[in-house]
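Me: I'd like to go through this one label by label and hear the reasoning behind each. Can you show me the structure before we start?

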Amino acid sequence: MADEANRSAFLELQGRMVEATGKLKQVQNQMRNKEGEKKRAFLTLEELHQLPDYTNAYKSIGKAFVLEPKSVLESEQEQKLKNSDTALASLQTSKEYLEKQLAEVENNLRELLQQDPGLARQIMSMTVM
């Protein structure tokens, strides 16, 4: 009976670990994307700042280009920069939470396997096959 309880606990922990790992990878990918957006916005803003105020500037909308005042384009890029910073801060918080959750699941798994060496042997024999 205890063996079956440990086995079901192991399967539950294993599922939680897979879920937490998947979520962590997803958050890391989102962070990478946001960092890329932030860098593009920063570089675009730097280039816009170098242009004189009277320069014609065009905004890409799909396949078309629309004439926009330089100030509008600068404010859009600044807003993108701020939005990226906010999103990155939120994603960082999520990442830290998921890392703690993953560490907790790993510790629980380790404790379970130390408690029940028979279960550890069973798992090892299943992975060898």
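Me: What secondary structure elements does the protein have, and how are they ordered from the N terminus?
Reply: This is a predicted model, and in it the protein has three helices and two strands. Starting at the N terminus, the order is α-β-β-α-α.

Me: How do you know whether the protein is a compact globule or not?
Reply: Set the radius of gyration against the globule rule: a compact globule of 129 residues would come out near 14 Å, while the protein has 25 Å. The C-alpha trace spans about 80 × 25 × 20 Å along its principal axes. One pair to look at is Ile123 and Tyr54, which sit 69 residues apart in sequence and 71 Å apart in space, C-alpha to C-alpha.

Me: How much of the protein is buried, and what about the surface?
Reply: Of the 129 residues, 22% count as buried. The accessible surface is about 9400 Å², with 55% of that belonging to carbon and sulfur atoms. As for contacts between residues at least 6 apart in sequence, 73% join residues at least 24 apart.

Me: What makes up the largest nonpolar core?
Reply: Eight residues: Ala20, Leu24, Val27, Met31, Leu88, Leu91, Leu98 and Leu102. Both α1 and α2 put in at least two residues each. There's also a second, separate core of seven residues, with Phe10, Leu13, Leu109 and Leu112 among them. Back in the largest core, Leu24 touches Lys95, Leu98, Glu99 and Leu102, once neighbours within four places in sequence are set aside.

Me: Why is Ile123 called buried?
Reply: Buried means under 20% relative accessible area, and Ile123 has 15%, so buried is the right word. Ile123 belongs to helix α3 (residues 117–128). Skipping residues up to four places away in sequence, Ile123 touches Phe10 and Leu113.

Me: And Gln77, buried or exposed?
Reply: Buried: the relative accessible area of Gln77 is 11%, and the cut-off is under 20%. Gln77 sits in helix α2. Leaving out residues up to four places away, Gln77 touches Ala41, Thr44, Leu45 and Leu48.

Me: How many salt bridges are there, and what makes Glu37 and Lys34 count as one?
Reply: The structure holds six. For Glu37 and Lys34, the closest N and O atoms are 3.3 Å apart; the definition asks for within 4 Å, so the pair qualifies. Both residues lie in helix α1 (residues 2–50), three residues apart, which is about one turn of the helix.

Me: Why are Glu37 and Lys34 both called partly exposed?
Reply: Partly exposed covers what falls between buried, under 20%, and exposed, over 50%. Glu37 is at 35%, so the label fits. Lys34 is at 26%, so the label fits there too.

Me: What makes Glu76 and Lys59 a salt bridge?
Reply: Their side chains meet at 3.0 Å, N to O, and the limit is within 4 Å, so they pass. Glu76 is in helix α2 (residues 70–115) and Lys59 in strand β1 (residues 57–61), 17 residues apart, so to speak a link between distant parts of the chain. Glu76 is partly exposed at 26%, and Lys59 is partly exposed at 26% as well.

Me: How far apart are the side chains of Lys70 and Glu74 in their salt bridge, and are those residues buried or exposed?
Reply: The N to O distance is 3.6 Å, and with a limit of within 4 Å it counts as a salt bridge. Lys70 and Glu74 are four residues apart in helix α2, so about one helical turn separates them. Lys70 is buried, and Glu74 is too. Asp53 joins Lys70 and Glu74 in a network of salt bridges.

Me: Why is Phe65 called exposed, and what patch does Phe65 belong to?
Reply: Exposed means over 50%, and Phe65 has a relative accessible area of 60%, so it's exposed. Phe65 is found in strand β2 (residues 64–68). With Tyr58 and Leu67, Phe65 forms a nonpolar patch on the surface, and together the three have about 380 Å² of accessible area.

Terms used: Residues are numbered from 1 along each chain as its sequence is written. This is a predicted model: local features need pLDDT of at least 70, side-chain atom pairs count only at pLDDT 80 or more; totals for chains, interfaces and linings use all residues. Side-chain values use heavy atoms; hydrogens and water are left out. Patches are made of residues with over 30% relative accessible area and no salt bridge: like charges are joined within 9 Å, nonpolar side chains (Val, Leu, Ile, Met, Phe, Trp, Tyr) within 5 Å. Accessible areas come from the Shrake-Rupley method with a 1.4 Å probe; for residues, only the protein chains shown count as cover. Buried means under 20% relative accessible area, exposed over 50%, partly exposed in between (1.4 Å probe, protein chains only). Contact means heavy atoms within 4.5 Å. A nonpolar core is a set of buried Ala, Val, Leu, Ile, Met, Phe, Trp, Tyr and Cys residues joined through side-chain atoms within 4.5 Å. The radius of gyration is taken over C-alpha atoms; the globule rule is 2.2 Å times the number of residues to the power 0.38.
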